[in-house]
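Hello,

Here is the structure I promised to pass on to you. My notes on it follow just below, so have a look at the model and then read on.

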Amino acid sequence: MKAKTKQNEFVEHRASATLLMMVIILSSLSAAMTVDMVNPVLGLIGESLQASKAQVSWVVSGIALLLAIGIPLYGRMSDFIELRKLFALAASILSIGSLICALASNLPLLVFGRMVQGAGMSAIPVLSVVAVSKVFAEGKRGAALGVVAGCIGIGTALGPIFGGVVGQAWGWPALFWIAFSLSLLIVVGSVFALPVIRPEIEDGTEQTFDLLGGTLLGLTAGLFLFGVTQGESAGFASFSSYGSLLGSLLAMIGFVLRIRAASKPFVPPALFKNRFYVNSVVVAFLSAFAYFAVLVFVPLLCLEVNGLSPGEAGVTLLPGGAAVALVSPWVGRISDRVGTKSLVVSGLILMGVSTFFLSAFAPGASPLLISAGVMGVGIAFAFVNSPATNSAIGVLRKDLVGAGMGFFQGALYLGAGTGASLIGAFLHARSDAIDPLNPMYRLDAVNYSDSFLAVTIAVIFALIASFGIKNDS
């Protein structure tokens, strides 16, 4: 009878797969656009709400902090709460946050709304991966993950362009009204389209949620990202920066002690004993570090050095976003046949070549050369992202998928935030440099050349880690 029940549930999952993917595609696309759509209108927001550049930056930093904290929490919560209910709850929180932002009449309220958005949005990447891992069989999982990665690529590329066009035409609140409408569709879709996916609970085991462990992990990620962000804006010698980084270190020590002592820890220590999984996490962190640093500083390069308008600078990212969108589904499909390791290694080699190309030839050169480098980075990220995720899932027991994917996706988004902040600080530190670190560079934008070279070094470390992942196929 028990086997028959499991078989019926599997049939239900298969029957709901198409509707599931429709909801995941909409939510992934909407979430990716919502994160970045405010970047081109930060100046408009500052003028409208009478806030300085440093104050307005919290419209971006606030949501990044909640993503870093929320993703691991939702991953672990999926081990205790039925997935449809959890997804619907998170989408509802996202809609409330979007409504607060749309109605905000001052900056603190807008930042609060963005943080509420982040509290809901942080569920989407990790719960989407958990749902795919439990609905699709191993030989079909890569294709589904590739589609998700493609949607994130489209959203990431279109977000700034969408924000600039809509914000300039109808004002920045219009962005949040559109986000609110889309989030309501996601709420309805998650209720009616997601299959019932219950947590994997072994018979006779007691499920307890380690709140202290989750809090310490959240503080570790949140304080680290806040410290790095403050280091970029106020300097790493500022109390807000080194105090936060010290707090993050203490929280991490407390987290390690907690998972070693707790009978049911928030993150099972078995994850960190799995070298295939750990190497996949390192690849996710460093590849996101590199990819999002390129997305942030290529438009800034085009604005400051090439003299392009914000809209023209955003267009330079389109080849990279299009590459992620078009290549990711194909990579996902072939990863089910040829395995994941070779794709990840190839992608990181291409990413390193592309970022080195940006360092050696792009800063101060034609925007076409810059776009070519960005396209190479986009293709590379498509080769890395979904195969690395698929590889990580493949080495986890079913009862560890929620916690494992929460930590994995958290590392990916933490890498994105860290890359943007650290490379930004390095760019500022090299602003007066005369001699480039890259001996092949011959133009005048030395600090940008050096920054892309630093990104290349991060990719090299990711490549080294990639040789330690499992060739899951």
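**Aromatic pairs, helices and cores**

Phe357 and Phe361 sit 4 residues apart in helix H17 (residues 341-361), so about one helical turn separates them. Helices here are DSSP runs of H or I with at least four residues, numbered from the N terminus.

Before going further, a word on the basis: this is a predicted model, in which local features need pLDDT of at least 70 and side-chain atom pairs count only at pLDDT 80 or more, while totals for chains, interfaces and linings use all residues. Residues are numbered from 1 along each chain as its sequence is written, and side-chain values use heavy atoms, with hydrogens and water left out.

The structure holds 8 aromatic pairs (rings of Phe, Tyr and Trp, the last by its six-membered ring, with centres within 6.5 Å; planes under 30 degrees apart are stacked, over 60 edge-to-face, the rest tilted). One of them is stacked: Tyr291 and Phe381, at 4.2 Å centre to centre with 5 degrees between the planes. Tyr291 belongs to helix H14 (residues 275-304) and Phe381 to helix H18 (residues 367-394), so this pair ties together parts that are 90 residues apart in sequence. Tyr291 counts as buried at 4% relative accessibility, and Phe381 is buried too, at 6% (buried is under 20% relative accessible area, exposed over 50%, partly exposed in between, with a 1.4 Å probe and protein chains only). Ring pairs also bring in Phe292, giving a cluster of Tyr291, Phe292 and Phe381.

As for the two rings in H17, Phe357 is partly exposed at 25% relative accessibility, and Phe361 is partly exposed at 37%.

Now the interior. The largest nonpolar core has 99 residues, and Val283 is among those with the most contacts inside it (a core is a set of buried Ala, Val, Leu, Ile, Met, Phe, Trp, Tyr and Cys residues joined through side-chain atoms within 4.5 Å). H14 gives the most to this core, with 17 residues. Leaving aside neighbours within four places in sequence, Val283 is in contact (heavy atoms within 4.5 Å) with residues including Val344, Leu348, Val384 and Ile469.

You may also wonder about cysteines: how many disulfides does the structure hold? It holds 0, a disulfide being a pair of cysteine sulfur atoms within 2.5 Å. Cys101 is buried, at 0% relative accessibility, and Cys302 is buried at 0%.

Best wishes

Terms used. Helix = DSSP H or I, 4+ residues; strand = E, 2+ residues; numbered from the N terminus.
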